Amino acid sequence: MAARKKSPKPSNQVPNPLTDDDRLELFRSMVGIREFEEQVQRSYLEGLVHGTTHLCNGHEAVSSGVAQALRPDDYVSYTYRGHGHCLARGMDMEAAFAELFGRVDGVCGGIGGSMHLTDIDKGLIGAFGIVGGGLPVAVGAGLSAQLANKEQVSVSFFGDGAANIGAFHESMNIAQVWKLPVLFVCENNLYGEFTRINHTTPYEDLVIRARGYAMEAVQVDGNDVEEVYAAASIAAMRARGGGGPTFIEAKTYRHRGHSRTDPAKYRDPAEVEEWLKRDPITLYRKDLIARGLLDAKTADAIVAELQSEAKAAADRAAASEWPSADQDFMAKTFA
């Protein structure tokens, strides 16, 4: 089956149409992720974050939209740019900050850091520092879900750069052959680290890749949270019903450089300006106000509330103890 290139099916075919409360929660989710990342940047400048960080400012609609379509027992794998995916699945801000700061109250006891936030209880089965490393793990989780016959799905978030990695092709192939309940969510922000996609790939619409595997596929506006939700919801429904995997390409853009030390001067300023005009939070705020679900004063209050929450969570995390050097680190390590 050839890959479909445009938006998801009409809203009346979405298995669980969004309520107005869902829409407001999606807005809060995106704002919470943004304020968390802004606080991470401030905490780094204060010397609290050791090692590197990869912020997801601009990607919030992808993680929030997909998370809204999932059940608590579904599996999620993600990349080193994974703070947003974790928060969208309900990871506690303070525990996430404590992990970034290397403190004992972190979700991994302070020994994982920014690139390895993990919470098995929330289905967050792993962040991967190796490009494409999470794809085979997601396929394995999908096989586990299929064998358990519990109608769970496995989601793998990855960037456009991973679509050129051998593990991507192997994972796509075996997932389609075995009809595994896997959602391949490609966050195509046009850059693999410092290199624009047109220098590494013969086309910018990666949804084309799904054709080679006869896989169901859809390309969505990754800055439109409801469009992302609709695509993920339909894909999850298909997967739970035995329909096999879906490739979702979400076109989006990271507002910052690849990592904390990258000023991103390799990007065309005009390109950056155009994408910043399509900030997913700004777009959804305007949409909700136009629908009468939100007003500017309430929206500003939500931002202020979550900004304060992120700051307070970081302050509490910074007061947490350091891990003991005598502990059994192997007990918290798995492969």
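This passage describes the overall form of a predicted model, then its second largest cavity, and then several single residues.

The chain of this predicted model contains 10 helices and 8 strands. Taken along the principal axes, its C-alpha atoms fill a box of roughly 55 × 50 × 40 Å. For a chain of 335 residues, a compact globule would be expected to have a radius of gyration near 20 Å, and the value of 19 Å computed for the chain agrees with this expectation. Of the 335 residues, 53% count as buried, while the accessible surface of the chain amounts to about 14200 Å². Carbon and sulfur atoms account for 54% of that surface. When contacts between residues at least 6 apart in sequence are considered, 77% of them join residues that are at least 24 apart.

A search of the whole structure for enclosed spaces finds 2 cavities of 30 Å³ or more. The second largest cavity holds about 40 Å³ of space, and its lining is formed by Ser63, Val66, Ala67, Leu70, Val76, His85, Ala88, Arg89 and Phe157. Two or more residues of this lining are given by each of the elements α2 (60-68) and α3 (83-88), and the most is given by α2, with 3 residues. Sorted by class, the residues that line the second largest cavity comprise 6 nonpolar, 2 polar and 1 charged.

Two buried residues illustrate how helices of the chain meet other parts of the sequence. Gln39 lies in helix α1, which spans residues 20-45. With a relative accessible area of 2%, Gln39 counts as buried, because this value falls under the limit of 20%. When its neighbours within four places in sequence are left aside, Gln39 is in contact with Phe97, Ala310, Lys311 and Ala314. The C-alpha atom of Gln39 is separated by 31 Å from that of Gln219, a residue found 180 residues away along the chain.

Arg240 belongs to helix α7, which covers residues 225-240. Its relative accessible area is 16%, so Arg240 also counts as buried under the limit of 20%. Apart from neighbours within four places in sequence, the residues in contact with Arg240 are Ala69, Leu70, Arg71, Asp74, Glu151, Gln152 and Val153. One of these contacts, Leu70, is also among the residues that line the second largest cavity. Another of the contacts of Arg240 is Glu151, which is of interest for its backbone as well.

Glu151 has a positive phi of about 60°, although this residue is not a glycine. Its place is in the loop that runs between α5 (134-148) and β3 (154-159). Glu151 is described as partly exposed because its relative accessible area of 46% falls between the limits of 20% and 50%. A positive phi is also found at Ala214, where the angle is about 50° although the residue is not a glycine. Ala214 likewise occupies a loop, in this case the one between β6 (195-196) and β7 (216-221). With a relative accessible area of 37%, Ala214 is partly exposed, since this value too lies between 20% and 50%.

Technical notes: Residues are numbered from 1 along each chain as its sequence is written. This is a predicted model: local features need pLDDT of at least 70, side-chain atom pairs count only at pLDDT 80 or more; totals for chains, interfaces and linings use all residues. Side-chain values use heavy atoms; hydrogens and water are left out. Helices (H or I, at least four residues) and strands (E, at least two) are DSSP runs, numbered from the N terminus. Buried means under 20% relative accessible area, exposed over 50%, partly exposed in between (1.4 Å probe, protein chains only). On a 1 Å grid over the protein atoms alone, a cavity is a set of points where a 1.4 Å probe fits but cannot get out, and a pocket is an open set with protein on both sides within 12 Å along at least five of seven lines; lining residues have an atom within 4 Å of a point. Grid points are joined across faces, edges and corners, and a volume is the space filled by probe spheres set on the points. Ala, Val, Leu, Ile, Met, Phe, Trp, Tyr, Cys and Pro count as nonpolar, Asp, Glu, Lys and Arg as charged, and the others, Gly among them, as polar. The radius of gyration is taken over C-alpha atoms; the globule rule is 2.2 Å times the number of residues to the power 0.38. Contact means heavy atoms within 4.5 Å. Accessible areas come from the Shrake-Rupley method with a 1.4 Å probe; for residues, only the protein chains shown count as cover.
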